[in-house]
Amino acid sequence: MDFLSNLVQQALTIIYNTLSGMGFANYGIAIIVLTVLIKLALHPLTVKQMTSMKKMTDIQPKMKELQERYKDDKDRLNFELANLYKKEGVNPLSGCLPLLIQMPIMIGIFYGIRDFQYVGPTNFLWLESIANPDPTYILPILSALTTLISSKQMSGSAPMGGGANGFLMTYGMPVFIGYISIDFPAGLVLYWVVMNIMQIAQQAMISKSN
């Protein structure tokens with residue numbers, strides 16, 4: 001994980017120095033550019049994950065029908081579900097693999113930006129320093145709001161479960177993200193907000209194309 005974290009910090013430094021040469025010496029802009037580049041690089045994995053989850057959602061009615069019909073015969077149920085997956089061209093695990101690949105990358109980015117040592121001015125828009133938490137709470141609020149929008153998009157296109165679990169995932173997680181963002185460096189929260197905005201845009205494009 002240290003390798004990924006160091007790589008992120010080196011990339012952020014290169015982007016900042018490049019922007020400085022262009023007359024835009026600002027770490028906030030550098031973080032935004034870095035986030036955009038990372039999301040674009042991970043776009044194929046994101047598309048694969050979201051497409052697979054969409055397919056699983058589409059066959060949910062058929063799966064529930066089989067589960068009800070063969071609820072007393074698990075062997076037959078597993079057999080029929082396997083046939084359904086084959087017929088529909090769905091792999092129930094294919095949505096997990098891209099996520100598993102992205103997770104260590106995202107964790108590396110988290111630590112890389114959180115522990116980044118700034119060597120120039122750290123002001124950005126209304127913030128005096130993105131190395132410190134946002135005293136206005138604007139970024140934490142945006143982090144919660146964009147996480148909520150993204151969660152609602154995912155809950156509408158993927159089987160997240162109902163009841164308390166579904167409610168917790170859709171509404172509890174954004175509240176938790178917003179709460180912990182209060183104490184995080186503003187630069188890290190800025191990364192999270194930009195990443196969410198791109199995630200929302202990607203989800204909307206994929207949903208529209210399908």
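Here is a walk through this predicted model, from the whole chain down to a few individual residues.

Let's begin with the overall picture. The chain contains 9 helices and 0 strands, so along the sequence you will read the pattern α-α-α-α-α-α-α-α-α. Of the 210 residues in the chain, 40% are buried. The surface that the chain exposes comes to about 12,100 Å², and carbon and sulfur atoms supply 65% of that area. It also helps to know how the contacts are spread along the sequence: taking those between residues at least 6 apart, 74% join residues at least 24 apart.

Now turn to the N-terminal pair of helices, α1 (residues 2-21) and α2 (residues 27-41), whose axes come within 9 Å and cross at roughly 120°. An angle from 65 to 115 degrees would count as roughly perpendicular and one over 145 as roughly antiparallel; α1 and α2 are therefore oblique to each other. The crossing of α1 past α2 is right-handed. On the α1 side, the contact is made by Val-8, Ala-11, Leu-12, Ile-15, Tyr-16 and Leu-19. Facing them from α2 are Tyr-27, Ile-29, Ala-30, Ile-31, Val-33, Leu-34 and Leu-37. Sorted by character, the residues of this contact are 13 nonpolar, no polar and no charged.

Two of those α2 residues, Tyr-27 and Ile-31, lead us to our next stop, since both are touched by Tyr-118. You will find Tyr-118 in the loop between α6 (96-114) and α7 (138-157). Is Tyr-118 buried or exposed? Its relative accessibility is 19%, and because buried means under 20%, Tyr-118 counts as buried. Leaving aside residues up to four places away in sequence, Tyr-118 also touches Ile-113, Ile-130, Ala-131 and Gly-187. Ser-129 is 11 residues from Tyr-118 along the chain, and the C-alpha atoms of the two are separated by 9.9 Å.

Stay in this loop a little longer for its backbone. Most residues other than glycine have a negative phi. Against that background, have a look at Leu-125, which lies in the loop between α6 and α7 and has a positive phi of about 50° although it is not a glycine. Leu-125 is exposed, with a relative accessible area of 67%. The loop between α6 and α7 also holds Tyr-137, another non-glycine residue with a positive phi, here about 65°. With a relative accessible area of 44%, Tyr-137 is partly exposed.

Key. Residues numbered from 1 in each chain as written. Predicted model: local features only at pLDDT ≥ 70, side-chain atom pairs only at ≥ 80, totals over all residues. Heavy atoms only, no water. Axes fitted to C-alpha atoms, helices over the stretch in contact; angles between N-to-C directions. Helix = DSSP H or I, 4+ residues; strand = E, 2+ residues; numbered from the N terminus. Parallel < 35°, antiparallel > 145°, perpendicular 65-115°, else oblique. Left-handed = near helix turned anticlockwise from the far one by under 90°. Contact = heavy atoms within 4.5 Å. Nonpolar A, V, L, I, M, F, W, Y, C, P; charged D, E, K, R; others polar. Buried < 20%, exposed > 50% of the residue type's maximum accessible area, 1.4 Å probe, protein only. Areas by Shrake-Rupley, 256 points an atom, 1.4 Å probe, with all protein chains shown as cover.
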